[in-house]
Protein chains: 2
Amino acid sequence: MTKAEKKHIKQLQQKKYRNEYRTFIVEGWKSIRDFINAGFIPENIYSATENIDNSINFNVEEISRKDLESISLLKNPKDALAIFFQKETNKTPSKGIILALDNLQDPGNLGTIIRTADWFGIKNIVCSNNTVDCYNPKVVQATMGSLANIDITYTDLAKYLNNANLPIYGTFLGGKNIDKITFPTDAIIIIGNEGNGISQEIEKLVTQKITIAKHPNAKAESLNAAIATAIVLSKI
Amino acid sequence: MTKAEKKHIKQLQQKKYRNEYRTFIVEGWKSIRDFINAGFIPENIYSATENIDNSINFNVEEISRKDLESISLLKNPKDALAIFFQKETNKTPSKGIILALDNLQDPGNLGTIIRTADWFGIKNIVCSNNTVDCYNPKVVQATMGSLANIDITYTDLAKYLNNANLPIYGTFLGGKNIDKITFPTDAIIIIGNEGNGISQEIEKLVTQKITIAKHPNAKAESLNAAIATAIVLSKI
C-alpha cells in the first residue's frame, strides 16, 4: 500500500472527507459481503487473508497484516477493509413506518437504532441534517450489516415533516401511553436528541405525543434513545 | 489532595481494588445525591465547586479543579467525585420480575439495562459471577442514578436458578413469540452474553424459551442485549 492510500483511508474517518468523496469504510468480510449484496459498489477492497471470497465480483487487493492494522479503526482488526460508495438517496419516503431522527448525536445509538429498525422491517430513516453521519465508522460497525438494508436520508427535518402529510408521533413525558395507541400503517415516529429530546421546532409538528409509561418509583428520568425507539417499534 | 489519595482513586478503576476496598466511584452532584438518598454511605466526597450542596450530611473536601480533573475518569469532568461503599446484598431475590444476566460483558449495555429496568420498576438483578462489575465506573455513569434504585447480586447463576423455584424465561431464536405470552408476577428473565447469547449450562434451566419476532426481510441476526431486555420488559 502506498502512503497516499493509507492517508486517504484515514481521512475517511472524518465526515468532511466522506462527504467530499461520497465514500465510507466497512470492515470485515461478512459486512463487506452484506453491502455488496445490498447493491453498494466498492471502490477498493483490501484483504490481509489469502482466503479471499471468490464469489465477490470485484477486484481485491492483497495487503500485509501490518498494513491492514495501520488502516483499521478497530482495536482488533478483521481480515479485510473496503471503501464503498455511498448510496444516493435523494427522495424522502412517504409510506410505511418512517423513523425520523431529530439531532441524534451518539454513533453507537444510531447504529443500534438502525439494527433494531431493520429487525422490525423498517425500510426508511429520515435524519435531521445535524444528526450524526450514518457513514461514521462507529455507526457502520454498530449496525452489524443492517445499514445495507435501510434507506437513510439527511434533510431539513422540519420541511420534510411539514410536507409529509402523514401522522407524526413523538415521544414525550406526559404524552399518551403507547399501550393505548393503535398505530396506522403509514406514520412518522420522531426520536429526539439524547440529552434534550425533541427540539421545539419539531415538537410543534408532532400530531400525537406518546409516552412509554414509567414505574412510579423509578429514579430514571428518561430512557436511552435507542431503547425508546426499540420499545415503540415493538409496539407497532 | 495527597499523591496517595489520587493513586487510591485511580486504583478503584480496577475491579480487584473495588472488591478489596468494597467501594466505587460516582461523579457529579446529581448522581452523588441519588446514591446518598438511596442509602449508600460515602467514604469521601471531593468537590471543585464552592457551591457545595449543604443538604448533604457528609463532610465534603474542597479540591482544586486541576485535582478533580486528574482523578476524574470523564472526558468532561463534573463538579464533584465521591467514593461510596458498595451495598452488601447477600440474599438473592425470590419474588417479582427478576432479571438474570448470564455473562454480560459490555459496561454500556449493563448500564443501559439497569436504567431501563429501573424505568419499568424492576427491583432485582442477579448476575452470573463472570458478568461485568456493576460498580465499573462506565456502568455507574451509564445508569444515570438508577443503580442506586436496584439491588444487584453476583452469584453462581446456575445454582441460583436451580433453587429459585420460579418460571425461567430466556430469549432464543425460535422460541415462543413474546406477543403471545402472559408473564406471571413472579418470574426470572435471562439475558445472555452479547456475542454468544445464553450459555448451554443456563439454557438447560430455562422453562420457557421466548423470541422477539423478526421481520422476514431483516438482515440483522440479533438484537443488542439491552434492546432485547427493554422489549421484553415493556411487554411485561
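**The interface of chains A and B, and a sheet in chain A**

Across the interface of chain A and chain B, 18 residue pairs, both at pLDDT 80 or more, are in polar contact (a pair of N or O atoms within 3.5 Å; within protein, one must be able to donate a hydrogen and the other to accept it, and residues adjacent in sequence count only if both atoms are side-chain atoms). The structure is a predicted model, in which local features need pLDDT of at least 70, side-chain atom pairs count only at pLDDT 80 or more, and totals for chains, interfaces and linings use all residues. Residues are numbered from 1 along each chain as its sequence is written, chains are lettered from A and ligands numbered from 1 in the order in which they are written, and side-chain values use heavy atoms, leaving out hydrogens and water.

Two salt bridges are counted between chain A and chain B (a side-chain nitrogen of Lys or Arg within 4 Å of a carboxyl oxygen of Asp or Glu). Lys30(A) forms a salt bridge with Glu221(B), with 3.8 Å between the closest N and O atoms. About 2900 Å² is buried between the two chains, 61% of it from carbon and sulfur atoms (buried area is the accessible area, 1.4 Å probe, that two parts lose on being put together, summed over both). Arg115(A), Trp119(A) and Lys219(A) supply 29% of the area that chain A buries against chain B, more than any other three residues.

Turning to the sheet, four strands of chain A form an open sheet in the order S1-S4-S2-S3, with mixed pairing (strands are DSSP runs of E, at least two residues, numbered from the N terminus, and two strands pair if DSSP finds at least two bridges between them). Strands S1 (23–27) and S3 (60–62) of chain A stand at the edges with a single partner strand each, so one side of each is left without a neighbour in the sheet.
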